[in-house]
Structures are given as C-alpha cells and as structure tokens.
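Student: Could you take me through one part of this protein slowly? I would like to see how its pieces fit together.

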Amino acid sequence: MRTTRDFSEIDATMLADVGGKAANLGELTRAGLPVPTGWVLTTDAYRQVAAGLDLTPGDGLAGRARRHLLQAPVPGAVREAVVTSYARLGADVPVAVRSSATAEDLPFASFAGQQDTFLNVVGAEAVLDAVRRCWASLWTDRAVAYRESNGVDHAAVRLAVVVQVMVDARVAGVMFTADPVTGRRRRTVLDASPGLGEAVVSGAVNPDRFVVFGGEVLERHAGDKRLAVRPLPGGGVERVETAPGGLCLTDAQVLDLAALGARVEEHYGAPQDTEWAIDEDGTLWLTQARPITTLYPLPEPAGPGLRVHLSLNVVQGVMGPFTPMGVSAFNLVGSGAAGLFRHVPADRLDGPAFLSEAGQRLWIDLTTPLRSRAGRAVLTRLMPLGEARAAAVVRELVHDPRLSVVQTSRRPFLRGLRRFARRVHAPARVRDALLSPARALAYAARVGEELDGRLEPPPGATPAQRLDHAERLLGGTFPAIVSIMPIVITGYALLGLAARLSGTRVGDLQNVLRGVPHNPTTEMDLELWDLATRVEPEPFRDVPAAELARRYRAGELPPRAQQGIAAFLDRYGHRGVAEIDLGVPRWSDDPTHILGVLANYLRIDGGSDLAPAALFARGARAAEEEVDRVAALAARRGRWRGPVVRFALGRTRAYAGLRELPKFHAVRAIAAVRHSMRAVGAHLVGAGVLDDARDVYFLRLEEARSALAGGDLRDLVRERRAAYERESRRRHVPRIMLSDGTEPEALAGPAPEGALTGTAASAGTVTGVARVVLDPTGAHLEPGEILVCPSTDPGWTPLFLTAGGLVMEMGGAMSHGAVVAREYGIPAVVGVPGATRRITTGQKITLDGAAGTVIL
C-alpha cells in the first residue's frame, strides 16, 4: 500500500482506510467541487509508528500511547513520502495538517475536533513534526474518553493525516445544509467571521449568522467578531483583536455558499456540516464536509405534502430502537388496528399506512386526523390524557397554514367511528359501564381469559405453524383488547362531566385518580410488596441483583422466597423494560431487575408511611375525600348536581385503572410470541442458518419463514446487531417530527422577561445548578449541573459527560461546544454576553436550548 495519496487518487477501496476527512476530500475533489490541493498520509504510516503500542486499559493508557507516538522514530519510507509529497506542492507552501481518524463521521457520532489540526505549517520538517503530533492526538484524554463513551474499540481506530494547501482566508466559517437545532432540511445555516475559520470552529468568536431557505436570505445576525485568527509569515497563526464592524458577507456570497452546500448535500445524499473559506480574490473554497450526525432520519411519508409523525417509542417511554422482529410484531398489531376501520393493508406484515419506521423506531402519521376538523377535535381532547407534551405540540401545529383543514365534513370520521364502535360493541360496553359496573368489569376480565386460551401454539407445532400462530395472535390481539377502552373512556368522560357540573377544571381533579382499583400495574407492585413482607430479608441483604438472579436460577434461595418469586414471575414474568419490543428480554428471561426491586422493598420498614401498601391506601383515602369535596362543590351549584357528581366520580374510579389493561394484555401476547419464536430460532440454529436461537429476533417474521428453507443468515444478523448497537447510543429522539425534518419542540418561543439571551445551539429545556468553569483543567462537574464557561474546545469534552446543559459566552450554533452538546443530547445556549459574570456557581438556572434563553 502506498504511504501517501493525492486526494484525487483516493478511491472506494481506500475510504475505510484513510478516515473521515481524507475520504470526504477525495470524494469532493473527484466531484469537481472547489477543494484546496493536498494529499493524505494513509493509515499505513500510522500503523508502522504505532506498532507495539501498549493498549492495556487503565488511567495511564492515553499518556502511554502519546509518549510512544511522539518518541518513536519515523520510518525512513514515511519520512521520504512526506518530504516528497510536500515538495510537489511547491517551495515552502503554507499548509494545514489535519488529523483524519477512521472512527470519524460515524452514524451516531461525528468525533468533531477530537484530534488536532495545525494551521499555516511551513517547511518539510515542520510538516513532519505536525504529522507526529496529529498521530499523538488520537490518544489525548478527551479522545480516549469520547471513544469510550461511544463504545468505539481503541484497537480498531487508526489515523490518516491530511495535508492541504492553506487558503489565505479573508473570511471563513461553517455551514450546515440543514438547521442543526430544529432539524429542518434544506434550511442552510452559516456562521462567518473574518480570518481563518478556526475562530468560528473553536467558538472563540461570536460570528455573523445567516439563514437561507428557498433561495432567500431569511435571517442576518451580526456578531461582535472581536477576534480573528490570522496566518503569520514563516508559519503559525496569531489571534488578533478586531473592531466590531458590519456583516462580513454580502447576500450574494451567502447565496453562493448555500448553493455550494446544496451541491455537497446532493453529492452525499444527506445533509452536511461543512467548513469553507473565501480568499482575498473572492474565490470560494470548500475545506471540509462531514455528515450532520445529530439529525434524526426521516420516516417514509405516507402521502404528499407536509406530514406530522409522532414517535411511538417516545410515547411508550422506549427511547432505544426496536429489533427487526419487534417491528414485524407491531406492524401486525397495527394492521389489526387498521382493520377495525376497514383499512387492512395488502400485506399485514408491511403494517398500516399510518405506521412507518425510521432510526429503527416506529412513527405514527397524524397528518390525516390533524387536517380533518373532526380529527382535530379528537386529537386535542384525547391526547392530553396520555401524552401531554405531544398534545401541546399538536395544539400549536393546528395553527400552521401548511397543515390547514382539508376535510371539513364530519361524515368520513363518523363513518369510521361507527365501524369501530360496531366492531368493539361500544354501545353495549358503554351501557354496562353506566348501569352495571359488575358486568363491565366481568367483561374486562373475560377478555383476558379468552386471550389466555390463544397464547400458546398447538402442542407439537412445527416452526412454520408457530409462525402462523404468531401472525394470527398478533394480528387479532388489538381488536380484542381495545374493546375494553369504551369502558375506560366512559369513566374519563364522566370525570369531565363531574368537572363541568362542579365548576372545576379536569386538571384539578387528579386526586380522584389516586389509588384506583383494577390497575394491573399497581396490583403487580403491591403483589411484589406483599412478597417482600413474607420472605426473610437476610439472604437479600447487601447482595447484588445479578447474584440474586443467579441464586434464584440455581434454586439456592430459601424455599419461601424461591416459590414466591416463581409465582410472581408466572403471573408477571412477561413484563420488562422496553416490553413492547418482542425482541427484548422479559423478567422471566432475566429476573435481575425485579429481584433488585424486591431487595429494595426489603429495606423499607413494613410499618413505614413509605411502604407501597400504605402509599396506595393513603392515595385511595385522599381520592374519596376529593370525591366528597367535589360533590359538595357541585351541590352548592344545584342540589341534584351533588349526587350526579358522586355517581360520575365513582364510575371514574371504578374504570380508570382499566386503562393499563389493554397494554398489559398486549405485552402478554408479545411475550408469548417471543417465547415461541425462540423455538423457531433453535430450529434455525440446528439447520445452520443462525449461530444462536436469540438471533431470530434480528430477523423479520417473513425472513424467519423464508429461512426455514435453509440458507445462511449469520452475516445479516451480525450487521443488524451492529446497527442496533449504534442506534442504541443515539442520545435524542424527537417526540414529534415533521417530514421536512423539523422538530416542533425545538422551535424557539419568545424570550421570557429578564432572561439572558444568546444563540440557540442544542434543543431542550433543563433546570439545574450552575457550575461556572473558567479553565477545564482539574474542574469537576456533578451529574446534572449546568456548565457555564467562556468557550470550549475539545479539551472540555470530558465535562460534557456529566453536564445537564451548557451555557457559553462565545461561539455560534456551529462552534465546537454546540456540536458536541447536540451529540450528547444536552440543551445548550451559546453566545451569551457576560454569562460567567452574571451567573454564579450554585445558582439555579433554567436554559432553553431552542429559544436561546437562560433564566436566572
């Protein structure tokens, strides 16, 4: 392998070897984009120098590796390659020497600024010295910590070095081809400042900011630009104070840059984070491009125009990705739901049109109901009951002219509602809920009993028959369990009636819903508490949960505990973390979590007010007192109102707990299919298709069926496991996302009176204790504290691991601190004048990373 290559010579076979920047510059050069001339010292050179590197884990790893790379002799062939390649550029040509690691620009992390760059390097010996320091920068403390936090193997990372002719920039900066804060695609955001782009990238300056959309400059914000980085004659750079002036780019230059950004995005097929420069002659240069790793991938739109997607994962509290078989299962459940409205998809395994997948998570398209007058009425009234934050976003979206009502007639909605009502026998359920609680509750119990009879496949079922059973069970579960919901909705409707008759807001009646009966989740918690009161605490004292799980599986716990845990898991073992994903283990698979909870219960004094049974009983008493209070309020407004309110709230309390029952039953069905698919996986292992029975969860149901005919899917499973692990490290998943990429929750609102204002850098709101840090060396940040600092460079990165938010005095939305804050998913506001002076350590502050405000 050649040690150096010109950008134009880098081909597809070299991309993985030369690393992020080098690979991108090679692609951009071949695409005819204006990239300064240069060459790359490939990772082969690094491998030669790094041979024998001691990678023993520990605190000394970073320092040990740096010393090795700085002291090891540069091989003669490498030295000759550097000297010869530099000479080809001309005599004493100033160059930038830039690190390009193979771990850069991954789907879940950009590694922006984690290795070093040296600007205006002049002379072959100076280039060699900069190359050596680039190699060593792969092992700075910050780079090691960043790789560890992102799960990247140190031994797998190598470093190429890019040597690029310097652009003597009159003005330079950063350009994102999608808004990095709101996520909106095709909305170009530029930061610019006089001199070299290092001032903007490092966050050392408050730059000018421009926003372009649809071929127009929509926003222009002048920064103070009090500092510029300039090249020095003979090599090196200096930072010089500058006087504030006007905007450093004309509208024509801004539009030219935006057009260049569009070409780069078109070339790569994805939004890009670029660096650019304009020289003294007015020539525009592209010096770097990388994908914007913090943007969430877009769901496939179900129709034309702007679409509104609600995250099923976020609503269900499952922030991680779904396994492929988990997606298949939900497609079948969704197809069953669509069937209630006579919208059955052609292939049930594809799922209904309103359900899509992006980022290995599931999304519900709300556009059709949102653009219907009747649908809006339902969404705005029912969503607050289950997802208050999403409901708040929807209430704002109804004012977006792009989502205006197109279906004014209520007839289609009413027809669909009638179909649904007939299929679930809603009139009979509502009648029973009003007139006979015993009959309504008996029906809810009967749904569970009937489901019990369908959970297991026939005895001796073949793998194909197990797959048939799984499709029937998952496709038919939703229509059965949702028939409970008319009873629940009746209860909540009566809560609304009670609020109206008593002159009270529904939100003020939440105490009525404390300690409600018939809630399977509450019953589960109380049953675990009851178990804790019946077992001896000694065997659980100071024993880690994992060890308790091992002892339980080995039958080594005392008989009462062993039998009690087995009985609990027999009833509730289908539950678990992220339980709506078929591919995720249940408590019955791994009881570690639930045994840890049991051990915690054993630390509570049975007679304490904190005991779960006491808390539940106290909540039930408070609810009855609230019923008395509200009924009395109603009676003052009319004698007949008191008894009606008491009746209504009594029914509300009888049925509110049933809200959890459909999900409880759905998870039972999902867990039963999971268990059955494990048997299918074992069959595929025996057939040589898979390595492990659990690998079956990384196949879709239709793929598992095809695999019964034979083949080898082990490579496919390995690829999907790796992709799943990458997605598991994604730090932020939007609650609601528009099809143009906009995350509505990230849109800025008006600044509160008295708030400190800056530039929105990373969306989200956080309240916490401020920690003002002027120098990161030796600084300590408690988890959740908000870091307040003048500016940041990569040396500050370790502090981001525990920070709850970031406030910077300097920098723009594309500065280093802003980029890393978005990667870590922490709210950030930058360019806040006097932040380190106006905020004090220990002060409680609230920052809104979308609005760019800090409230003291």
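Tutor: Happily; we will look closely at a sheet, and then visit a helix pair and a loop for a change of scene. Keep in mind that this is a predicted model.

Let us begin with the overall layout of the sheet. It is an open sheet of 5 strands in the order β1-β2-β5-β3-β4, and the pairing is antiparallel. β1 and β4 (117-121) are the edge strands, each pairing on one side only. From one strand to the next, the twist averages 20 degrees. Helix α6 (residues 124-137) packs on this sheet and touches β2, β3 (95-101), β4 and β5. The direction of α6 makes about 25 degrees with that of β3.

Now zoom in on strand β2, which covers residues 38-41. What lies on its two sides? Strand β1 (residues 4-6) pairs with β2 in the antiparallel sense over 3 bridges, and strand β5 (residues 159-165) pairs with β2, also in the antiparallel sense, over 4 bridges. Try finding Val 40 in the picture. Val 40 is the bridge partner of Arg 5, and in β5 the bridge partner of Val 40 is Val 162. Trp 39, for its part, stands opposite Val 163 in β5.

Are the faces of β2 covered or open? Both faces are covered. Gly 38 and Val 40 point to one side, Trp 39 and Leu 41 to the other, and all of them are buried.

Next, the helices. Two packed helices are described by the angle between their axes and the distance between the axes. Here the axes of helix α24 (residues 612-636) and helix α25 (residues 641-656) come within 7 Å and cross at roughly 150 degrees. An angle over 145 degrees counts as roughly antiparallel, so α24 and α25 are roughly antiparallel to each other. The crossing of α24 past α25 is right-handed. Among the residues that meet there are Ala 620, Val 627 and Ala 631 in α24, and Val 645, Leu 649 and Arg 653 in α25. The residues of this contact divide into 9 nonpolar, 1 polar and 5 charged.

Last comes the loop. Gly 711 sits in the loop between α27 (701-707) and α28 (714-728). Gly 711 and Gly 688 are 23 residues apart in sequence, and their C-alpha atoms are 7.6 Å apart in space. Leaving out residues up to four places away in sequence, Gly 711 touches Gly 688 and Val 689.

Key: Residues are numbered from 1 along each chain as its sequence is written. This is a predicted model: local features need pLDDT of at least 70, side-chain atom pairs count only at pLDDT 80 or more; totals for chains, interfaces and linings use all residues. Side-chain values use heavy atoms; hydrogens and water are left out. Helices (H or I, at least four residues) and strands (E, at least two) are DSSP runs, numbered from the N terminus. Contact means heavy atoms within 4.5 Å. Axes are lines fitted to C-alpha atoms, for helices over the stretch in contact, and angles run from 0 to 180 degrees between N-to-C directions. Angles under 35 degrees count as roughly parallel, over 145 as roughly antiparallel, 65 to 115 as roughly perpendicular and the rest as oblique. A crossing is left-handed if the near helix is turned anticlockwise from the far one by less than a right angle, and right-handed if clockwise. Ala, Val, Leu, Ile, Met, Phe, Trp, Tyr, Cys and Pro count as nonpolar, Asp, Glu, Lys and Arg as charged, and the others, Gly among them, as polar. Buried means under 20% relative accessible area, exposed over 50%, partly exposed in between (1.4 Å probe, protein chains only). Two strands pair if DSSP finds at least two bridges between them.
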